[in-house]
Structures are given as structure tokens and as C-alpha cells.
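Notebook open, structure loaded. I'm jotting down what I look up as I go.

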Amino acid sequence: MPNVVDAAMELDPAGLLPALPASYWRDHPEALTGSGLIAASTGGVLVERGGRRLLIGVGLGSNILPASLGTSRGGALLSTLRALRVPPASVDTVAFTHLHTDHTASGSSGTATKCCARRPRGAGAGGTVAVAPTA
């Protein structure tokens, strides 16, 4: 199950995790980059089984993070799929586990529909787009 990276991010620890005291980051410098930020990425996971492909999550897309959180360089999902030798149209289904922007933004910009080969009843211009139930 390969990760399909859409965005690289550098996140401000205080903006992302405000409940953690500054002393935590002083005691754990290995958790930060040389510039004092948290390195992270977002995207999806590709599951292949029985000739079918499911993409779980689609990443941040071209959305911009609030400055208080940090910076991102996104929108690479389709090119990452191609680099993995997976034609985007060969993905049967895109599933969103939850509706945070860092998991769905490419979907809202049309990337999810560009990924799906079929057009089942109730789907958009591409294939099935599923949302998992929340607890």
C-alpha cells in the first residue's frame, strides 16, 4: 500500500499543537527541522486488490495553510500517482476517512473525479467518492 504524497508541509509547532508547552520542543529537538518546524506531508494511501484500486484520502491540493500553522507546497497527487506508474483514471474509488482539508482539498478541487475511471450512479464526473462514517 503505497503512500501517495500530495503536499509537503513545514508546520509551526505552537500553531499546530498549542497545548504543548515550549519546553516540550526544547526537550525534543529531534522532532523539529533545523529551522524549528515540524516536517510533514499529506496525501492518500493506495490500496490495490483484485484488479481494483482504492485511494484513501487525496491531500491538501493547492489550498494554502493559515500562516499560524505553517507553509505547504501541494497539488502533487496526480503526478505522484503517475510516478508510481498508476494512471489516475485507473483508480476505481476515492474514500475520505474524515473531512479535514488536508485529506479532502484535492477532492474538492476536482482531483478525486480525475482519479476515477467509472461513473457509478450518484458519483461526480469521475467514479465513486465515498465518505466513511464518523464515530
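**Aromatic pairs.** I searched the whole structure for paired rings and got one aromatic pair. The partners are Y24 and W25: I get 4.9 Å between the ring centres and 90° between the planes, so I'm logging the pair as edge-to-face. This is a predicted model, so the geometry is the predictor's. How exposed is each partner? Y24 comes out partly exposed at 31% relative accessibility, while W25 is buried at 13%.

**Nonpolar patch.** Y24 turned up again when I looked at the surface: with L16, L17 and L20 it forms a nonpolar patch. Together the four have about 290 Å² of accessible area. I checked L20 on its own and found it in the loop between helix 1 (13-16) and helix 2. Its relative accessibility is 34%, so I have L20 down as partly exposed.

**Confidence.** Next I pulled the pLDDT values. The mean for the protein chain is 80, with 77% of residues reaching 70 or more. Where is confidence lowest, and where highest? Helix 2 (residues 22-27) is at the top with 95, and strand 6 (residues 128-131) is at the bottom with a mean of 50. I also marked residues 119-128, where the pLDDT is below 50. That stretch still has 21 contacts in the model beyond near neighbours in sequence.

**Salt bridges.** How many salt bridges are there? I count two.

The first one I opened joins R53 and E48, with 2.5 Å between the closest N and O atoms. E48 is partly exposed, at a relative accessible area of 43%.

The other joins D92 and R52, and here the closest N and O atoms are 3.7 Å apart. The cut-off is 4 Å, so this pair counts. Why did I note it as a tie between separate parts of the chain? D92 sits in the loop between helix 3 (77-83) and strand 5 (93-96), and R52 belongs to strand 3 (residues 52-56), so the bridge links parts 40 residues apart in sequence. I then looked up the accessibility of both ends. D92 is buried at 8%, whereas R52 is partly exposed at 42%.

**R85.** I looked for backbone oddities and stopped at R85. Its phi is near 65°, a positive value in a residue other than glycine. R85 lies in the loop between helix 3 and strand 5. With a relative accessible area of 75%, R85 is exposed.

**T80.** I moved on to helix 3, where T80 is placed. Is T80 buried or exposed? Buried, with a relative accessible area of 18%. Leaving out residues up to four places away in sequence, T80 touches V4 and V5. I also took the C-alpha distance from T80 to G43, which is 9.6 Å for two residues 37 apart along the chain.

**S72.** Last lookup of the day. S72 is in strand 4 (residues 70-73). I have S72 as buried, at 18% relative accessibility. Which residues does S72 touch, not counting those up to four places away in sequence? My list reads A8, M9, L60, N63 and L65.

Conventions:
Residues numbered from 1 in each chain as written. Predicted model: local features only at pLDDT ≥ 70, side-chain atom pairs only at ≥ 80, totals over all residues. Heavy atoms only, no water. Salt bridge = Lys/Arg side-chain N within 4 Å of Asp/Glu carboxyl O. Buried < 20%, exposed > 50% of the residue type's maximum accessible area, 1.4 Å probe, protein only. Helix = DSSP H or I, 4+ residues; strand = E, 2+ residues; numbered from the N terminus. pLDDT = per-residue confidence, 0-100. Contact = heavy atoms within 4.5 Å. Phe/Tyr/Trp six-rings, centres within 6.5 Å; stacked < 30°, edge-to-face > 60°. Patch = residues over 30% accessible without salt bridge, like charges linked within 9 Å, V, L, I, M, F, W, Y side chains within 5 Å. Areas by Shrake-Rupley, 256 points an atom, 1.4 Å probe, with all protein chains shown as cover.
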